[in-house]
Amino acid sequence: MSVKCMGCGAIIQTASPNQKGYIDPKVLETKQEQFYCKRCFDLRHYNKNQKIKIKDQDYLDWMKEIQHHPGLIVWIADLLDLDGTIPSNLSNLFKKLPILMVINKIDLFPKTLLESKKTKSHQKIESSIRSYLKTKKIQVMDLLFMSGKSMDDIDFLLEKIKEYLDDYNHSDYKHWDYIYFVGMTNVGKSTILNQIIKKYTQEEDFITVSNTVNTTLDFIYIPWHDQFYFVDTPGLINPNSYLNYLDKKTLDKIIPKSYLRPKVYQLEPHQALFIQGFLQINFIEGEKSSFVTYCSNTLYIHRTKEENAHEFYQNHLDDILKYPTKQERAILGNRTLHQFSFSKEEKIDISIPGIGFISIYGSGTLQIYCFESIQITKRKAIF
Ligand SMILES: Nc1nc2c(ncn2[C@@H]2O[C@H](COP(=O)(O)OP(=O)(O)OP(=O)(O)O)[C@@H](O)[C@H]2O)c(=O)[nH]1
Ligand SMILES: [Mg+2]
């Protein structure tokens, strides 16, 4: 039987240093039973990442594996990137399996928004996600908000899973042996499973976690009291997200580590706003409106006059704006123009996959410049 890396799930091999699961043969001789591959070792100890991207075909094969051994699907999404982490094509892969939808990383948002199910803001966000799921024809058994960093939330998740298991296993249908944690890359699947492992074994950071894409590279089975397995699975990459194009150093900057401080800008028409070099908004006409940014606190936001905006971009790409870097811009392609209008009847969000979103209230027309590889979208505001 092949031996797997306990951090990423890759099958251990000693032949190809650039492929997944590599370990130096001399180092392997010193290891017993469970250990980490070189890539996991470097990520865990030196925050150094060897980029390995999962092929679409591998992903499809894993999903077929799930169909052969069905179980409960715990689909993790990221509240900062809802559109990017709940694509409808992913639900097609789970066919008729029951889905528990988990919206993770709520710790990044103001506590008042989601602290209690009874608050208006909680109900609003829950109903906007439910209607979003409806438009995408994604059917879920339940919707749960949590933070992978909170043990209370982990307890609540475990309770929910147990409820479903009890209901299901008492029906005349089959017994579930697998609870699959699935979703796009970087949503926090392994982080949540690490917390579950820690809760019952006191072992910390068992599975490798990082803010680069495709940290987990194969299924990792975690046995649970001889009853079933939790299964960590590799995440799917969104080709339209910044996460897919940026180096580790830039990712360290754009992925928020703690609570976001939303920044509020009252913009007059003919003003422009930059989120570093990632996005440029020109407010070309309308009434004074409010723009609230939800993204990492470390991102630099610059306001200027619309008439100076293009010149500012060209002149300060590599100093004030700085990110994305020249190398990253080369793979992101040209910038393209999107035009959106908004009115006082409906607050909107412009979502920028991999970065966050901007909530806009007022009326007018925006011209937004973003790289052609990134799919920005307008949606009804979630808050
Ligand atoms: N603020 C916050 N960050 C989180 C949370 N959960 C995970 N993260 C961070 O998100 C990043 C990705 O976490 P992972 O657990 O590696 O994500 P994953 O879904 O397993 O990613 P892949 O293995 O690539 O599919 C890491 O930097 C985590 O620290 C959370 O609830 N809140
Ligand atoms: Mg993972």
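# A tour from the ligand site outward

Begin by selecting ligand 1, which in this predicted model is surrounded by 21 residues, the closest being D107, G148, T185, K189 and T191. With those residues shown as sticks, look next for the polar contacts of the ligand. The side chain of N104 places an N or O atom 3.2 Å from an oxygen atom of ligand 1, and the side chain of K105 does likewise at 3.1 Å. T216 also takes part, with a polar side-chain atom 2.8 Å from an oxygen atom of ligand 1.

Keep T216 selected and add the magnesium ion, ligand 2. Which protein atoms are the donors of this ion? They are OG of S190 and OG1 of T216, lying 2.1 Å from the magnesium. If you follow the backbone between the two, you will find that they link distant parts of the chain, since S190 sits in helix α9 (residues 189–201) while T216 sits in the loop between α9 and β5 (220–224), 26 residues apart. Both donors are shielded by the protein: S190 counts as buried because its relative accessibility is 9%, and T216, at 6%, counts as buried too, the limit for that label being under 20%.

Now move to helix α7, residues 120–135, and draw a line between its end C-alpha atoms. They are 22 Å apart, which agrees with the 22 Å that 16 residues should span at 1.5 Å a residue. Colour H122, I125, E126, S128, I129, Y132 and L133, which are the buried residues of this helix. These residues cover an arc of only 160 degrees around the axis, and therefore lie on the same side of α7. The pattern follows a general rule: an α-helix has 3.6 residues a turn, so residues three or four places apart point the same way. To see what covers the buried residues of α7, display, among other parts, α4 (82–85), β2 (99–104), α6 (111–114) and β3 (142–145). Turning the view to the face directed away from the buried side brings up the exposed residues K120, K134 and T135.

Just after α7, stop at K137, which lies in the loop between α7 and β3. Its phi is near 60 degrees, a positive value in a residue other than glycine, and at 72% relative accessibility K137 counts as exposed. Then jump to H270, in the loop between β7 (263–267) and β8 (271–275), where phi is again positive, at about 75 degrees, although this residue is not a glycine. H270 counts as partly exposed, with a relative accessibility of 49%.

From β8 it is a natural step to helix α11 (306–316), because the buried residues of this helix pack against β8, together with β9 (279–286), β11 (301–305), α12, β12 (335–342) and β15 (364–371). Select E306, A309, F312 and Y313, which are buried in α11. The arc they cover around the axis is only 100 degrees, which puts them on the same side of the helix. On the other side of α11, E307, E311 and Q314 are exposed.

The last stop is the loop that runs between α11 and α12 (326–332), where P324 is found. Zoom in on the peptide bond from Y323 to P324: is it cis or trans? The bond is cis, with omega near 0 degrees.

Methods
Residues numbered from 1 in each chain as written. Chains lettered and ligands numbered in written order. Predicted model: local features only at pLDDT ≥ 70, side-chain atom pairs only at ≥ 80, totals over all residues. Heavy atoms only, no water. Helix = DSSP H or I, 4+ residues; strand = E, 2+ residues; numbered from the N terminus. Expected span 1.5 Å × (residues − 1). Buried < 20%, exposed > 50% of the residue type's maximum accessible area, 1.4 Å probe, protein only. Arc of directions from axis to C-beta. Contact = heavy atoms within 4.5 Å. Donors = N, O, S within 2.8 Å, 3.2 Å for Na, K, Ca; no water. Near = heavy atom within 4 Å. Polar contact = N/O pair within 3.5 Å; in protein donor to acceptor, adjacent residues only side chain to side chain.
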